[in-house]
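Subject: Structure for your review

Dear colleague,

Please find below the structure that I am handing over to you, with its sequence. My findings follow directly after it.

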Amino acid sequence: MPHTYSPTDLILNPDGSVYHLSLRPIDISDKIIVVGDPGRVHRVSRHFDSVDFEMNKREFITHTGRYKGKKLSVISSGMGTDNVEILMTELDALFNIDLVKRQAKPRKKKLQIIRIGTSGTIRDDIKVGSHLASEYAIGLDTILQFYEYKLKGVEKKIARKLKEDLGLSYTPYCFKGSTTLLERFKDCTIVGNTVTCPGFYAPQGREIRMPIKNKDIIQKMQYFHEEGIWLTNLEMETAGYYAFGKLLGHEVLSLNAILANRIKGQFSKNPNRMIDGLIKKVLDRI
């Protein structure tokens, strides 16, 4: 007998939509662009030939429409991997759970999810304004401590060594993104390895009035390497997407417009132009 999800585990709204996203299966495409900033949803959908559906719920804003004949959705997550957990779980439920019976479908649907984000690099040779695709992502947050998973091979080595080098009391998690999606962007991006931080200030080495513990965290990450893999940039969501993508069986890739170089202390003078260029690149290749 298939497991039935209780009304308190899988919460649905009165119209049958999933609780936080307020989406029904007909409202969303299986090709999805995700952004952190809710204001960035319109920056993507304004390029659509048509926008056929819109939903605004908390920080989760969704537009579904057509671009050059393709059905696409763009949705915002807000900041942080806690929001990514909600987003990925409910997106998966829309395709892989019968929401009427509250039971998993026997055949699973694989989604294609591309994140368009912004980031700061920790390498002095990566220029502000570059577009970077993440091959591996390492999560310094603890959300995966509440899930059953096993790291193997290179991912396990990276996680253990970074714990040691940063002096962490817990082991980070590390997952590789979709190699299929990465192939579409290798010729037009820098391929790097991203550290996902559980905050913007102290976890990324910024000290604003409050003293921080690990003052040389940027330098430690800059010189970290394992199995020929070096770290390239910091942000707040990618590792969550890669982890939940792997655990749920979806193809996920994160792309970042590099707005800052933390080593040189530089910040982009025209960040919107950098982001818009990345948006067009994704729309044409998703």
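I begin with Gly167, which is found in the loop between helix 3 and strand 9 (173-176). Please bear in mind throughout that this is a predicted model. Gly167 counts as exposed, at 61% relative accessibility. Its C-alpha lies 9.9 Å from that of Ile217, although the two residues are 50 apart in sequence.

Helix 3 and its surroundings

Helix 3 spans residues 153-166 and contains both Asp165 and Lys161. The side chains of these two residues meet in a salt bridge, with 2.9 Å from N to O. They are 4 residues apart, about one turn of the helix. Asp165 is partly exposed, with a relative accessible area of 26%, and Lys161 is likewise partly exposed, with a value of 26%.

Arg160 is also found in helix 3. Arg160 is exposed, with a relative accessible area of 53%. Together with Lys150, Lys152 and Lys156, Arg160 forms a patch of positive charge on the surface.

Other salt bridges

The structure holds 14 salt bridges. One of them joins the side chains of Asp30 and Lys109, at 3.0 Å from N to O. Asp30 lies in the segment before strand 1 (31-35), whereas Lys109 lies in the loop between strand 6 (103-104) and strand 7 (112-121); the pair therefore ties together parts that are 79 residues apart in sequence. Asp30 is partly exposed, at a relative accessible area of 23%, and Lys109 is partly exposed as well, at 37%.

The side chains of Asp216 and Lys220 meet in a further salt bridge, with an N to O distance of 3.6 Å. Asp216 counts as partly exposed at 35% relative accessibility, and Lys220 counts as partly exposed at 29%. In addition, Arg43, Arg46 and Asp276 are linked in a network of salt bridges.

Strand 14 and its partners

Which strand is largely enclosed by the rest of the structure? This description applies to strand 14 (residues 251-261), because 10 of its 11 residues are buried. The cut-off behind that statement is a relative accessible area under 20%.

Strand 14 pairs with strand 7 in the parallel sense, over 10 bridges. Within strand 14, Ala260 is the bridge partner of Gly120.

With strand 8 (residues 131-139), strand 14 pairs in the antiparallel sense over 3 bridges. Here Asn256 of strand 14 is the bridge partner of Leu132.

Strand 15 (residues 266-267) also pairs with strand 14 in the antiparallel sense, in this case over 2 bridges. The bridge partner of Asn261 in strand 15 is Gln266. Strand 14 and strand 15 form a hairpin with 4 residues between the strands, and in this hairpin Gly265 takes a positive phi near 70°.

When you inspect these strands, one general point may be useful: in a regular strand, the side chains alternate between the two faces of the sheet.

Helix 6 and the nonpolar patch

Helix 6 (residues 238-248) is mostly covered, as 8 of its 11 residues are buried. The buried residues are Thr238, Ala239, Gly240, Tyr241, Tyr242, Ala243, Phe244 and Gly245. Gly249 follows helix 6 and has a positive phi, near 85°.

Which residues form a nonpolar patch on the surface? They are Phe146, Tyr147, Leu247 and Leu248, which together have about 400 Å² of accessible area. Phe146 lies in the loop between strand 8 and helix 3. At 71% relative accessibility, Phe146 counts as exposed. Leu247 and Leu248 fall within the residue range of helix 6, 238-248.

Points to view together

For a first inspection, I would suggest setting strand 14, with 10 of its 11 residues buried, beside the surface patch of Phe146, Tyr147, Leu247 and Leu248. The positive patch of Lys150, Lys152, Lys156 and Arg160 may then be viewed, followed by the salt bridge between Asp165 and Lys161 in helix 3.

With kind regards

Notes
Residues are numbered from 1 along each chain as its sequence is written. This is a predicted model: local features need pLDDT of at least 70, side-chain atom pairs count only at pLDDT 80 or more; totals for chains, interfaces and linings use all residues. Side-chain values use heavy atoms; hydrogens and water are left out. A salt bridge is a side-chain nitrogen of Lys or Arg within 4 Å of a carboxyl oxygen of Asp or Glu. Buried means under 20% relative accessible area, exposed over 50%, partly exposed in between (1.4 Å probe, protein chains only). Two strands pair if DSSP finds at least two bridges between them. Patches are made of residues with over 30% relative accessible area and no salt bridge: like charges are joined within 9 Å, nonpolar side chains (Val, Leu, Ile, Met, Phe, Trp, Tyr) within 5 Å. Accessible areas come from the Shrake-Rupley method with a 1.4 Å probe; for residues, only the protein chains shown count as cover. Lys and Arg count as positive and Asp and Glu as negative; His and the chain ends are not counted. The place of a charge is taken as NZ of Lys, CZ of Arg, CG of Asp or CD of Glu.
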